[in-house]
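Here is a short tour of one protein model. Please keep the sequence and the 3D view side by side as you read.

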Amino acid sequence: MIEIKNKARCSGCAACANACPKNCIALEFDEDGCEYPVVDVELCVECGMCERACPVLAPVVEKPHAQRAFLVQHRDADIVLQSTSGGAFTALAEVMLDAGGIVYGAGYRDGTPVVSHFGVERKQDLAAFRNSKYVQSMIGLMFREVKTQLDEGREVLFSGTPCQAEGLVAFLGKAYPNLGVADVVCHAAPRRPVFTAYLEWLAACFGVEASQVRFRDKARFGYRYSSICAFEKGVEQPFYSAGVESDPYLRAFFNNLSDREICYACPFKKRYRVSDVTLWDCFDVGKFLPELNDNKGVTRVLVQSEKGQALVDSARTRAKVVEIDADRAVDGVREMTCSVSKPEQWQSFAADVRALGGYELFEKWFPDTAVIKLERWTRLGCERLGIYDGAKRIAKGILGRRS
């Protein structure tokens, strides 16, 4: 029987709840707004299926295997613009839909800023899965739906964080030749109440309720300058836009204050994974392929299986696909193998998330000070002058030598 004694040992992937034959496991929010399984002991028959489906309690031992790596950029410029990086997942998903399959990913539904996992069967609906979501998605009992589709013989493509990908594979318990799994290299999973507080901050500052937030919008300054935009329902232009150095939610995220506890010792940070392909950014595309260094975005794809290679090969009609050395592709990518560090202020921030309103929270922790204003205008100026990449490399070099 699943019993959470240490919250740093649960990712909230929901595999246990999906596996329970008695439906006696509910995912309930704790005081910090993270979902954890709670067992109805009166219904539980101690079958052990929940424990066997847990990717933390029954971990997959990492085994080195042959890998290939690729740079991928979708041929449709609009899709690249809407995507976090190069639109590789859309290309893979289109392959699956053309085969009559179904694609599962994380996105907004019903015009509300709630991120959840769901399936789509039309290409126009793939737009919901584009762009990063810096908040943990709700899985619910979706793994059961995936299994039903697989058992009926349909082709399925699933995308999620590494813990969600391993959770699905552990829940299924066997290999399915008609399943493709894509995991996205994950910095960490922010707690939902922090995002809710951010929505309150936006509403207080601008008098508008956001229907969605794009965390890696390229429309203003392109791929290299990470910015966040908030949109009102039915309106194409954002009512708010800010860079990574200015926006309070992004500042909390990259200061590692908003994450759930397992992220500080994540067991899914590894190079060799159970997924078929691993996807992530390629900001340094210039060192691999200068002709793709166009500030539009490129995805790095690490192929983990024959199924993954088949997906990439099939995507060549939809995307530019260039092979690079796999060791070079992962070199220096700390997000793949290293957990984020837990800040000393984590408990204090978590307490304020519980106690304060959204506006008060972010104005207290991340005010728009003179230093922040100076950094904002410096970044914007470098981007407008076309020297942002060079200035960023110099800054990283200086900071690296100091550390």
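Start in the loop that runs between strand S2 (35–39) and helix H2 (49–53): Glu46 lies there. This model is predicted. Glu46 is not a glycine, yet its phi is positive, at about 55 degrees. Is Glu46 buried or exposed? Glu46 is exposed, because its relative accessible area is 55% and exposed means over 50%.

Asn23 also shows a positive phi, near 55 degrees, in a residue other than glycine. Asn23 is in the loop between helix H1 (15–19) and strand S1 (25–29).

## The eight-stranded sheet

Eight strands form an open sheet. Their order is S5-S4-S6-S7-S11-S12-S3-S13, and the pairing is mixed. Strand S5 (112–120) and strand S13 (319–324) stand at the edges. Each has a single partner strand, so one side of each is left without a neighbour in the sheet. From one strand to the next, the twist averages 25 degrees.

Strand pairing has a simple basis. Strands of a sheet pair through backbone hydrogen bonds, either parallel or antiparallel.

Now look at S12. Strand S11 (residues 277–281) and strand S12 (residues 299–303) run antiparallel, joined by five bridges. Asp281 stands opposite Thr299 in S12. Thr278 stands opposite Leu302 in S12. S3 is also joined to S12 by five bridges, and these two strands run antiparallel. Which residue of S12 is the bridge partner of Ala69? The partner is Leu302. Leu302 therefore has Thr278 opposite it and Ala69 as a bridge partner.

How many residues of S12 are buried? Five of its five are, so S12 is mostly covered, where buried means under 20% relative accessible area. Both faces of S12 are covered. Thr299, Val301 and Val303 are buried on one side. Arg300 and Leu302 are buried on the other.

A helix also crosses this sheet. Helix H9 (residues 306–314) lies across strand S3 (68–74), strand S6 (156–160), strand S7 (179–184), S11, S12 and S13. Helix H9 runs at about 140 degrees to S12.

## The three-stranded sheet

Three strands form another open sheet, in the order S8-S9-S10. Here the pairing is antiparallel. The edge strands are strand S8 (212–217) and strand S10 (240–243), and each pairs on one side only. The twist averages 15 degrees from one strand to the next.

Strand S9 (residues 227–231) and S10 run antiparallel and are joined by four bridges. Ala230 has Tyr240 in S10 as its bridge partner. Helix H7 (residues 192–206) lies across S8, S9 and S10. Its direction is at about 100 degrees to S8.

## Cavities and a pocket

How many cavities of 30 Å³ or more are there? The count comes to seven. The largest cavity holds about 170 Å³ of space. It is lined by 18 residues. Those closest to its centre are Cys163, Cys186, Ala189, Cys263 and Cys266.

The second largest cavity has a volume of about 80 Å³. Its lining has 15 residues. Cys20, Cys24, Cys44, Cys47 and Cys50 lie nearest its centre.

The second largest pocket holds about 750 Å³ of space. Its lining has 32 residues. Which of them lie nearest its centre? They are Ala127, Ala128, Gln212, Arg214 and Phe231. Helix H3 (77–82), S5, S8 and S9 each give two or more residues to this lining. The largest share, four residues, comes from S8. S8 is also an edge strand of the three-stranded sheet.

The table sets out the three linings by residue class.

| Site | Nonpolar | Polar | Charged |
|---|---|---|---|
| Largest cavity | 10 residues | four residues | four residues |
| Second largest cavity | 12 residues | one residue | two residues |
| Second largest pocket | 12 residues | 10 residues | 10 residues |

Note on methods. Residues are numbered from 1 along each chain as its sequence is written. This is a predicted model: local features need pLDDT of at least 70, side-chain atom pairs count only at pLDDT 80 or more; totals for chains, interfaces and linings use all residues. Side-chain values use heavy atoms; hydrogens and water are left out. On a 1 Å grid over the protein atoms alone, a cavity is a set of points where a 1.4 Å probe fits but cannot get out, and a pocket is an open set with protein on both sides within 12 Å along at least five of seven lines; lining residues have an atom within 4 Å of a point. Grid points are joined across faces, edges and corners, and a volume is the space filled by probe spheres set on the points. Ala, Val, Leu, Ile, Met, Phe, Trp, Tyr, Cys and Pro count as nonpolar, Asp, Glu, Lys and Arg as charged, and the others, Gly among them, as polar. Two strands pair if DSSP finds at least two bridges between them. Axes are lines fitted to C-alpha atoms, for helices over the stretch in contact, and angles run from 0 to 180 degrees between N-to-C directions. Contact means heavy atoms within 4.5 Å. Buried means under 20% relative accessible area, exposed over 50%, partly exposed in between (1.4 Å probe, protein chains only).
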